[in-house]
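Work through these exercises with the model open. Try each task before reading its solution.

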Amino acid sequence: MSAACRADQRPNRTRRSRAALLTAGAAVAALVLSACGSGGTSGGAGSTNFIAGKNGVDTAAKGDRDAVPDLSGKTIDGKQLDVADYKGKVVVVNVWGSWCGPCRAEAKNLERVYQDTKDQGVQFVGINTRDTSTSPALAFEKEFGVTYPSLYDPTGKLMLRFKKGTLNPQLIPSTLIIDRNGKVAARTLQALSEETLRKMLNPVLAEK
């Protein structure tokens with residue numbers, strides 16, 4: 001290939017790289033704009049397989065649930081964690097940030113329910129996002145006595161793995177209930193009281 005041809009191809013590769021970066025940046029920006037919302041329900045465009053509850057909790061019937069995507073990586077304390085390893089348990093996934101006021105309001109509620117249910121086959125997992133380092137996230141856990149692990153996801157890439165039109169986490173905070181088969185049974189896009197969290201969790205925990 002001549003030097004001239006190689007020169008002609010370099011701008012094209014540059015344009016493609018810039019386009020890819022812009023696309024990724026737009027996706028992360030969408031998460032930033034939706035952060036710390038006051039709650040609500042949205043399933044994206046088109047039909048969905050879940051029921052939007054008036055109480056802000058969306059649920060999917062057992063036969064209509066979507067599998068949770070790969071949620072794995074390092075935790076905020078540097079350990080490896082894979083939510084798939086908890087298959088057979090009911091998993092509560094909470095998306096949070098130390099900078100998020102509603103996350104701070106619900107933190108102790110989540111921890112209390114975790115302590116009450118962990119011996120019943122329930123595992124809680126946090127996804128910490130938009131904290132630029134793990135230091136504020138670790139300080140948050142210490143302040144609120146959070147003992148369950150949290151994946152460190154500063155850019156929101158784990159949230160982007162959920163398909164649109166499913167029970168995906170769209171706001172911060174968001175909480176999902178994953179059934180024993182690794183499928184999303186319920187979701188809320190708001191800070192949780194103990195009562196609401198138990199109402200989300202108990203029907204899935206009672207399933208056989």
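**Exercise 1.** In this predicted model, decide whether Asn-109 is buried or exposed, then find what its side chain meets.

*Solution.*
- Step 1. Take the relative accessible area of Asn-109, which is 15%.
- Step 2. Apply the cut-off: buried means under 20%. Asn-109 is therefore buried.
- Step 3. Place the residue. Asn-109 sits in helix H2, residues 101–117.
- Step 4. Look for a polar partner. A polar atom of the Asn-109 side chain lies 2.9 Å from the backbone oxygen of Leu-192.
- Step 5. List the contacts, leaving aside neighbours within four places in sequence. They are Leu-192, Ser-193, Glu-194 and Leu-197.

**Exercise 2.** Describe how H2 packs with helix H4.

*Solution.*
- Step 1. Two packed helices are described by the angle between their axes and the distance between them.
- Step 2. For H2 and H4 (residues 194–205), the angle is about 45° and the axes are 9 Å apart. H2 is therefore oblique to H4.
- Step 3. Add the handedness: H2 passes H4 in a right-handed crossing.
- Step 4. Name the residues. From H2 come Asn-109, Leu-110, Arg-112, Val-113, Asp-116 and Thr-117; from H4 come Glu-194, Leu-197, Arg-198 and Leu-201.
- Step 5. Sort them: four are nonpolar, two polar and four charged.

**Exercise 3.** Check the backbone at Arg-130 and at Pro-173.

*Solution.*
- Step 1. Most residues other than glycine have a negative phi, and most peptide bonds are trans.
- Step 2. Arg-130 has a positive phi of about 65°. Arg-130 lies in the loop between strand S6 and helix H3.
- Step 3. The peptide bond from Ile-172 to Pro-173 is cis, with omega near 5°. Pro-173 is in the loop between strands S7 and S8.

Note on methods:
Residues numbered from 1 in each chain as written. Predicted model: local features only at pLDDT ≥ 70, side-chain atom pairs only at ≥ 80, totals over all residues. Heavy atoms only, no water. Helix = DSSP H or I, 4+ residues; strand = E, 2+ residues; numbered from the N terminus. Buried < 20%, exposed > 50% of the residue type's maximum accessible area, 1.4 Å probe, protein only. Polar contact = N/O pair within 3.5 Å; in protein donor to acceptor, adjacent residues only side chain to side chain. Contact = heavy atoms within 4.5 Å. Axes fitted to C-alpha atoms, helices over the stretch in contact; angles between N-to-C directions. Parallel < 35°, antiparallel > 145°, perpendicular 65-115°, else oblique. Left-handed = near helix turned anticlockwise from the far one by under 90°. Nonpolar A, V, L, I, M, F, W, Y, C, P; charged D, E, K, R; others polar.
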